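Got a model open and wondering where the labels on it come from? Let's go through some of them, one at a time.

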Amino acid sequence: MCRFTNPGTVPLTLKAPEPLDRQLKHDYVCRRSGVIKPPTAHWCSEAQRVVVRMDHYCPWVNNVVGMFTQKYFLLFLLYTFLCCLFSGITLSGRAWTCSRRTRFNNYGGNFADPGLCNPKPADIILSVLNFVEAVLFVLFTGCMGADQFEAISKNTPYIDRLQGKRGKVRPFSENMRDVFGGEFSFTWFLPLPPSAEARTEFNRMLWDTHTHLQKASAEYQQEIDGAPTAHGVPIEGGEAGARRRRNGASPNGASATNGEITVDGPHSESTETTLAE
């Protein structure tokens, strides 16, 4: 399921409106594809798409771990961990049983001689390789799972953590419900399709970001059109002049009286660094 599920890509048709302030373009527009970039969304060079709540690209599942695939990735780690742990325990049990048999018989005992204690060379080689593989993947999946649960507990995907961003502090149980869908039940352990609530939240993030950019674009266009004039001739008109006025500079280089113009980002009222819940 993790391999074949859309991780939460922004449609390529959802382009950002023009014109936009340079800072807004940097924060909410993908410079490679031109589509909107909601908070926590990032461009994936492997998938060639913008993915909402992107954590990382995983070559083991050949897909992006994002909003709709994080649950599947965690289940993949869980069941791989349990399978490798079971293999390691059974192989260790076999080795321990056969070592007891050898010691017991050396002291004159009559220990039963099960067939598993008389392996062929190929059996020994494969058992050793299987045990080493089990140990390695128990450690690997355990570390990956711990990293994922740390990201969930902090409500901050891996890439955002690298960029120094932090999501809103929320209870761990609430973050887990966002990932697995609904209250705790056996469905958490099944690779079921994304819940209706998750899809609604995905659409809301896209809608909020696009609406915010449309409003900011309209305001920016009005500012461009309203450039100061001298005898009917525009002074520092166009986007260059608008950017200077937004940065607090008047046409002659003095500070503007109204100061810097800022526009709040989407979800800014509910997050610390304009990250989506």
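Q: What makes Glu-183 and Arg-177 a salt bridge?
A: In this predicted model, their side chains come to 3.8 Å, N to O. The cut-off is within 4 Å, so the pair counts as a salt bridge.

Q: Are those two partners buried or exposed, Glu-183 and Arg-177?
A: Glu-183 has a relative accessible area of 56%, and exposed means over 50%, so that label fits. Arg-177 comes out at 28%; that falls between 20% and 50%, so Arg-177 is called partly exposed.

Q: Which residues are joined into one network by salt bridges that share partners?
A: Arg-53, Glu-201, Arg-204 and Asp-208 are. The structure holds 11 salt bridges.

Q: What does the salt bridge of Asp-123 and Arg-94 tie together?
A: The closest N to O distance here is 2.7 Å, which is within the 4 Å limit. Asp-123 sits in helix H3 and Arg-94 in helix H2, so the bridge links parts that are 29 residues apart in sequence. Asp-123 is partly exposed at 29%, and Arg-94 is partly exposed at 22%.

Q: How do you know that Arg-170 is buried?
A: Its relative accessibility is 10%, and buried means under 20%, so Arg-170 qualifies. Arg-170 forms a salt bridge with Glu-174, with the closest N and O atoms 3.2 Å apart. Glu-174, at 27%, counts as partly exposed.

Q: Why are the buried residues of helix H5 said to line one face?
A: The buried residues of H5 are Asn-175, Met-176, Val-179 and Phe-180. Looking down the axis of H5, they fall within an arc of 120°, so they line one face of the helix. After H5 comes Gly-181, which has a positive phi, near 85°.

Q: Why is the pair of Phe-73 and Phe-76 called tilted?
A: By the pairing rule there are eight aromatic pairs. For Phe-73 and Phe-76, the centres are 6.3 Å apart and the planes make 35°. The centres have to lie within 6.5 Å, so the rings do pair; stacked needs planes under 30 degrees apart and edge-to-face over 60, so this one is tilted. Phe-73 and Phe-76 are three residues apart in helix H2, so about one helical turn separates them. Phe-73 is buried at 1%, while Phe-76 is partly exposed at 32%.

Q: What makes the pair of Phe-184 and Phe-189 edge-to-face?
A: The angle between their planes is 90°, with 6.0 Å centre to centre. That angle is over 60 degrees, so the pair earns the edge-to-face label. Phe-184 is exposed at 58%, and Phe-189 is partly exposed at 36%. Both belong to one aromatic cluster with Phe-180 and Trp-188.

Q: How do you know that Cys-2 is in no disulfide?
A: The closest cysteine sulfur, in Cys-58, is 6.9 Å away from that of Cys-2. A disulfide needs sulfurs within 2.5 Å, so that distance is too far for a bond. Cys-83 is in no disulfide either, with its nearest cysteine sulfur, in Cys-84, 5.5 Å away. The structure holds zero disulfides.

Q: Is Leu-136 buried or exposed?
A: Leu-136 is exposed, because its 53% is over the 50% mark. Leu-136 is found in helix H3 and is one of the residues of a nonpolar surface patch, with about 600 Å² of accessible area together.

Key:
Residues are numbered from 1 along each chain as its sequence is written. This is a predicted model: local features need pLDDT of at least 70, side-chain atom pairs count only at pLDDT 80 or more; totals for chains, interfaces and linings use all residues. Side-chain values use heavy atoms; hydrogens and water are left out. Buried means under 20% relative accessible area, exposed over 50%, partly exposed in between (1.4 Å probe, protein chains only). Helices (H or I, at least four residues) and strands (E, at least two) are DSSP runs, numbered from the N terminus. The arc is that of the directions from the helix axis to the C-beta atoms. Patches are made of residues with over 30% relative accessible area and no salt bridge: like charges are joined within 9 Å, nonpolar side chains (Val, Leu, Ile, Met, Phe, Trp, Tyr) within 5 Å. Accessible areas come from the Shrake-Rupley method with a 1.4 Å probe; for residues, only the protein chains shown count as cover.
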